[in-house]
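Here's a quick tour of a protein model, written for someone who likes to check distances and contacts along the way. Have the viewer open and follow along.

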Amino acid sequence: MAEPHRPLVICAPEPRTLDLIFTPQALARLKAKYRIVEADQENIAGLGDDVLGECRYIIGQPPLSPETLARLAALRCILNVESNLINNMPYEVLFARGIHVVTTGQVFAEPVAELGLAMALNIARGIVDADVDFREGRELWGGEGNARARLLSGAAVGIIGFGDLGKALNRVLGGFRTKTRVYDPWMPASILIDHGVQPSSLKEVLSESDFVFVVAAATSENQHFLGADAFASMRPGAAFILLSRANVVDFDALMAAVASGHIVAASDVFPEEPLPLDHPVRNLKGFLRSAHRAGALDSAFKKMGDMVLEDMDLMDRSLPPMRCKRAERETVSRMRSKPVTVN
């Protein structure tokens, strides 16, 4: 009996790998149900018409020219497993043809939110510094060790950006009874109110918050929009916690604001990654550092593969994808987040 025809999938998931985003069991299901063609992102156009013409799904976000896209006659969906949408394909043609573009980026929301909470708690209670002092025999006991300590509970919190990450952050802060203001120019006020936060201007978020979390996606409109004036408007001693992308911030101005003692800061992202060993932020007092590791959990990566399989199954049955987040016609070409690189 002849083998049933299996749909063809081009896999170009860089910087991910199939082994990273699929459990062995899930990868076995993928290979059992589909014909897999693995390719480098830059070499998609070099594949034969027999492959491109039959391709139903692309796992990855390879650069696609209009000419290559025209050869992908059976394409139904591009499943972006890097998570950052970049302007490297003719989105207007994809939308006109009814081809879905989806991203698995929401798998990172909860892990990043939890690390953001940990950063805020550390800033509030000086956990890392106290541990270093203890190791070096200069610890301060009891109240003497809490001269600069404060509570996160009941604090005034500001969140800049209220996408998947902003919503996840609001959830993990729920038990701390924070008074939370949110600035997001792409979000209707009613949605913010439904999530129990106060719609606010950027000025209000910066000037009225003890802790400011930046979780805004980088777009063509907000490059370095948080600069010296923004930091000067913050409360003295307030905490600025950067979790999304470094290019929404004037990083030199941020370091200057911390160096002056006006604010403290924490960041999981930096203008260059990996960061040069002589970069001044490495030794900046009042600045808590994390090496772009907030979302990089194996459990999050494996969730990507499960989401991809579920959505491909839906589309195989002529249903829309529901697990991954669909790119929006109005905003996809405005995204400017820099994809993660692997070194």
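What follows goes through the sheets, one helix and a few individual residues.

## The parallel sheet and the annotated domain

Keep in mind that this is a predicted model. UniProt, in an unreviewed entry, lists residues 117-294 as "domain: D-isomer specific 2-hydroxyacid dehydrogenase NAD-binding". Over that stretch, 30% of the chain is helix and 15% is strand, and the C-alpha atoms at its two ends sit 11 Å apart.

One open sheet has 7 strands, running in the order E8-E7-E6-E9-E10-E11-E12 with parallel pairing. Its edges are strand E8 (198-199) and strand E12 (287-289), each of which pairs on one side only. Further in, strand E6 (residues 156-160) pairs with strand E9 (residues 211-214) in the parallel sense, over 4 bridges. If you want a specific spot to look at, Ile159 has Phe213 in E9 as its bridge partner.

## The mixed sheet

There's also an open sheet of 6 strands, in the order E2-E1-E3-E4-E5-E13, and here the pairing is mixed. Strand E2 (35-38) and strand E13 (325-326) are the edge strands, each pairing on one side only. Strand E5 (residues 100-103) meets E13 in the antiparallel sense over 2 bridges, and Val102 has Arg326 in E13 as its bridge partner.

## Ile44, tucked into a loop

Is Ile44 buried or exposed? It sits in the loop between E2 and helix H3 (49-52), and it counts as buried because its relative accessible area is 0%, against a cut-off of under 20%. Leaving aside residues up to four places away in sequence, Ile44 touches Ile10, Ala12, Ala39, Leu52, Pro62, Leu64 and Thr68.

For a sense of scale, try the pair Ile44 and Ile160: they are 116 residues apart along the chain, and their C-alpha atoms are separated by 38 Å.

## Helix H12 and its surroundings

Helix H12 (residues 251-259) has a run of buried residues to click through: Phe251, Ala253, Leu254, Met255, Ala257 and Val258. Their cover includes helix H11 (228-232), strand E10 (239-242), strand E11 (264-267) and E12. At the N-terminal end, Asp250 acts as the cap, with a side-chain oxygen 3.3 Å from the backbone nitrogen of Asp252. After the helix comes Gly261, with a positive phi near 85°.

Now zoom in on Val258, which lies in H12. Val258 counts as buried because its relative accessibility is 4%. Which residues does Val258 touch, not counting those up to four places away in sequence? They are Ile263, Val264, Ala265, Leu284, Lys285, Gly286 and Phe287. The last of these, Phe287, is 29 residues from Val258 in sequence, with a C-alpha to C-alpha distance of 7.0 Å.

## Asp311, a buried charge

Asp311 is found in helix H13 (residues 298-316). It is buried yet has no salt bridge. How far away is the nearest side chain of opposite charge? That side chain belongs to Arg323, 6.4 Å away, and a salt bridge needs the charged atoms within 4 Å, so the pair doesn't qualify.

What the Asp311 side chain does reach is the backbone nitrogen of Cys324, at 2.7 Å. Its contacts, not counting residues up to four places away in sequence, are Pro321, Met322, Arg323 and Cys324. Arg323 therefore makes contact with Asp311, where the cut-off is heavy atoms within 4.5 Å, without a salt bridge to it.

Conventions:
Residues are numbered from 1 along each chain as its sequence is written. This is a predicted model: local features need pLDDT of at least 70, side-chain atom pairs count only at pLDDT 80 or more; totals for chains, interfaces and linings use all residues. Side-chain values use heavy atoms; hydrogens and water are left out. Buried means under 20% relative accessible area, exposed over 50%, partly exposed in between (1.4 Å probe, protein chains only). Lys and Arg count as positive and Asp and Glu as negative; His and the chain ends are not counted. A polar contact is a pair of N or O atoms within 3.5 Å; within protein, one must be able to donate a hydrogen and the other to accept it, and residues adjacent in sequence count only if both atoms are side-chain atoms. UniProt positions are given in the numbering used here, feature names are shortened, and annotations may be inferred rather than shown by experiment. Two strands pair if DSSP finds at least two bridges between them.
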